[in-house]
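Visitor: Got a minute to go through this model with me? I'd like to see it first.
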Amino acid sequence: MLKKYGIGFLFTSIAIVLTITIQVFGIFDLANYKTLDFNFQLRGPLSSWASHQNNPNDSLDVVLIDVDDETFRIFGDMGWPYPRGEIWNRVVTNLTDAGAKVIVFDVQFDARDAHTARVLSVFNGILPEGRTDGDKAIGKAIKYARLNGTEVVMASAIKSEPSRIPPQSLLLPNDVIMEVDPDHGLVDIDEDKDHFTRRYKVFGALAHEPDIWRLSLGMKAIKYFLDISDDPGLTYDWEQGVFNYGELKIPTYGSDYPGFLTNIYGPASHARIGGSEPWQTFKRFPLAWIVDTEDYDLPIYDEDTDWMDTFNPNGALNMMMTMMEPEYQVPESPFKGKICIIGVSVEVMHDYKSTAFYDYLGVPTLMPGFEYHANAIQTLLDQNFINVMGNTIEFTSDSALFQVLLIVICALLAYLIITLFDPLWGGMLIALEALILFSLSVGMFTADQWWFFKWMSGNSESILVPPPGATTFVPIVAPLLVMALTYFANVLYKFILEQRDKHFLKDTFGAYISPELIDQMYEEKQEPKLGGDSGIHTAFFTDIQSFSAFSEKLKAQDLVELLNDYLTEMTNILLDNKGTLDKYIGDAIVAFYGAPVPVDDHEYMACLTAVEMQERLAELRKKWQSEGERWPEIVHHMQNRIGIATGDMVTGNMGSAMRMNYTMMGDIVNTAARLESSAKQYGVYIQVAEATYLAAKDHFEWRELDYVVVKGKSEPVRVYELMSIKGNLPDGYADMLATYHQALALYHEQKWAAALEAFELAESKEDMFPGRSTNPSREYIVRCKYFMENSPGPDWDGSWTLTAK
């Protein structure tokens with residue numbers, strides 16, 4: 001037992017080591033990423049403009065200014081990039097006038113304004129009078145914004161060129177724009193192995209200047225939105241493992257990554273999911289609307305609505321409405337006090353990110369890069385970070401202890417289950433263990449441990465939205481795998497043990513007992529022991545007619561060969577029909593049906609075995625006859641007799657503690673044995689007791705034999721000859737049986753003369769094949785003559801007492 005469980009524990013340990021090794025090499029990372037994405041989609045969007053329409057002030061802090069398909073169509077003739085002295089400077093000025101607190105560009109202006117550059121190239125680098133330098137115009141707009149309390153953050157990036165020294169450089173806005181000293185932030189965003197974007201850097205650094213932290217675009221937006229001072233600026237708390245930035249505490253994604261997991265607030269705002277209108281996770285406005293004022297006409301006249309003047313108290317429409325209706329309220333600007341991030345969603349620019357909401361509700365939608373920055377900014381403002389158990393999804397020095405402990409605990413729990421329960425129940429319980437772990441992990445992500453029941457009931461909309469900072473992700477792929485490995489490794493080991501033990505039992509006992517008994521001995525996990533069980537079963541006896549004559553005619557070696565051939569064929573039929581072989585006694589086969597494995601129709605199976613034995617013996621006779629003088633004539637005509645009786649008996653292991661045999665005992669056993677031996681007095685070959693006959697009579701052809709007191713018994717039993725399977729009587733037998741049963745009826749009526757005449761007619765129709773010395777009709781002829789001289793009297797019950805076995 002100790003060895004067995006020790007090896008099972010060894011298999012479990014191997015499963016643990018294998019799982020940890022796979023985890024170390026990052027093979028589970030992709031599956032864990034997808035599990036994280038599934039959690040996002042199950043949780044659903046945290047906020048969207050659609051949910052704030054009744055209260056426009058209750059919205060997210062970031063607004064998207066989008067170079068979308070509408071803008072691209074309206075300004076199509078201008079060509080990209082749009083002229084900074086006509087478009088971009090107006091965007092800055094108009095957003096400033098609309099009350100934006102921070103304007104963030106996710107559009108790089110590292111090169112000179114293309115429209116200005118073309119003019120300079122024509123006029124030898126001198127800008128003609130009346131022409132506007134686009135870069136100076138946007139610089140002027142930045143100064144205007146700063147004077148009016150709005151900060152502008154430009155885009156910068158780290159550019160890598162391995163052939164240069166140093167290999168990295170900082171890509172800043174061009175020198176003309178930089179003359180007004182605008183602030184800038186890095187727009188670089190990392191992708192995971194599956195090319196999805198999930199993380200956001202707090203800062204970046206050039207390889208040759210690792211100590212100079214250059215804040216990301218989102219961090220610079222946060223700086224001005226929260227008025228965070230540069231002293232001390234961004235610092236790192238080594239004890240808590242967080243960045244401190246003003247009042248913000250930013251947990252890092254592991255100790256080696258200068259950033260965090262972005263809490264995606266919903267699908268891309270421009271996506272049309274479940275309706276014709278854009279989803280609007282964040283408020284989103286086409287860039288064309290921002291420049292649409294009274295003093296600027298859009299290229300497409302029909303779409304020139306002066307939309308931005310809607311929020312300008314000094315606009316013509318608002319001034320007119322105020323004069324007409326003194327209580328008129330100017331609509332509040334959707335940009336007031338907001339971070340307005342400007343970027344591109346038009347597809348031809350290819351600035352897209354794959355996020356957790358990529359295929360939300362079955363609609364594949366990529367997220368524009370500038371909206372990913374918006375999600376990161378909102379995550380920072382809400383302090384709504386995703387906590388990862390172990391700090392990282394990947395196997396790192398930070399997560400190693402937690403991940404190993406979780407793998408070991410899950411494996412040991414699975415091992416305990418498979419040890420205590422059989423494979424079926426063990427598998428179900430381990431599947432339940434996996435489901436509980438999965439449910440708990442999703443519950444920790446959604447902060448709703450009842451999520452599973454809501455989801456199963458089709459009410460996923462009621463799954464709670466976690467409050468800021470309450471989202472926790474547990475990497476569960478490795479624990480789930482180790483459960484499966486532990487289960488299959490131990491089940492495989494159990495299967496190998498079972499096969500070994502069954503092979504041992506079959507090798508030891510298979511020649512003597514039925515396969516069902518071997519399976520039962522194994523399943524009960526018990527060695528053979530003394531004792532028995534009482535029940536209604538069917539006893540079966542058969543032996544070869546006149547076997548002693550075979551001994552006289554055959555050499556010992558030939559006799560053994562013949563007997564083995566015969567016994568093999570008969571035993572195969574017995575076992576194929578669910579019989580249990582008790583023993584061989586010389587040429588005799590002793591067997592029973594219904595134990596140790598219950599057989600509902602054991603009477604039928606015993607009778608079927610008898611018929612098939614007779615049929616197979618006929619085939620053996622033909623085979624022996626075909627071998628010519630190999631066998632004497634007595635072998636060519638071999639017959640066997642069979643006795644079958646059903647009743648209460650005891651079956652079980654009987655003998656001594658050192659040597660025992662699975663056998664049967666009981667009065668019905670003796671009855672079956674007497675029926676087999678007394679069959680020779682009637683000249684029949686299958687004699688069946690009444691209880692067996694009553695249970696199987698509808699399946700076979702029968703001859704009623706007698707109401708007889710067998711040798712050694714005091715009570716008569718009604719016995720029958722089993723002729724064949726129903727509808728399969730040999731030619732002429734039906735006529736003979738009809739005559740015989742008419743004669744038997746006369747016999748029971750004590751009409752001896754008439755019965756004698758009828759039995760003589762039946763006897764003439766009996767099949768007297770070689771080896772058959774008598775038949776039932778002939779036996780009744782003798783009795784009729786006896787009773788004609790010795791009447792049994794009026795109280796006769798029809799019985800006959802046999803005086804010999």
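Guide: We can go through one loop residue, the core and a surface patch.
Guide: This is a predicted model, where local features need pLDDT of at least 70, side-chain atom pairs count only at pLDDT 80 or more, and totals for chains, interfaces and linings use all residues. Residues are numbered from 1 along each chain as its sequence is written, and side-chain values use heavy atoms, with hydrogens and water left out.

Visitor: Where is A268 found?
Guide: A268 sits in the loop between β12 (259–261) and β13 (283–286). Strands here are DSSP runs of E, at least two residues, and helices runs of H or I, at least four, numbered from the N terminus.

Visitor: Buried or exposed?
Guide: A268 is buried, at 3% relative accessible area. Buried means under 20%, exposed over 50%, partly exposed in between, with a 1.4 Å probe and protein chains only.

Visitor: What is A268 in contact with, leaving aside neighbours within four places in sequence?
Guide: W279, T365, L366, M367, P368 and E371; contact means heavy atoms within 4.5 Å. The C-alpha atoms of A268 and M367 are 4.9 Å apart, although 99 residues separate them along the chain.

Visitor: Now the largest nonpolar core. How many residues?
Guide: 61, with I250 and I339 having the most contacts inside it. Such a core is a set of buried Ala, Val, Leu, Ile, Met, Phe, Trp, Tyr and Cys residues joined through side-chain atoms within 4.5 Å.

Visitor: Which helix gives the largest share?
Guide: Helix α11 (residues 369–382), with seven residues.

Visitor: And where is F421 found?
Guide: F421 is in the loop between α12 and α13, and is partly exposed at 37% relative accessible area.
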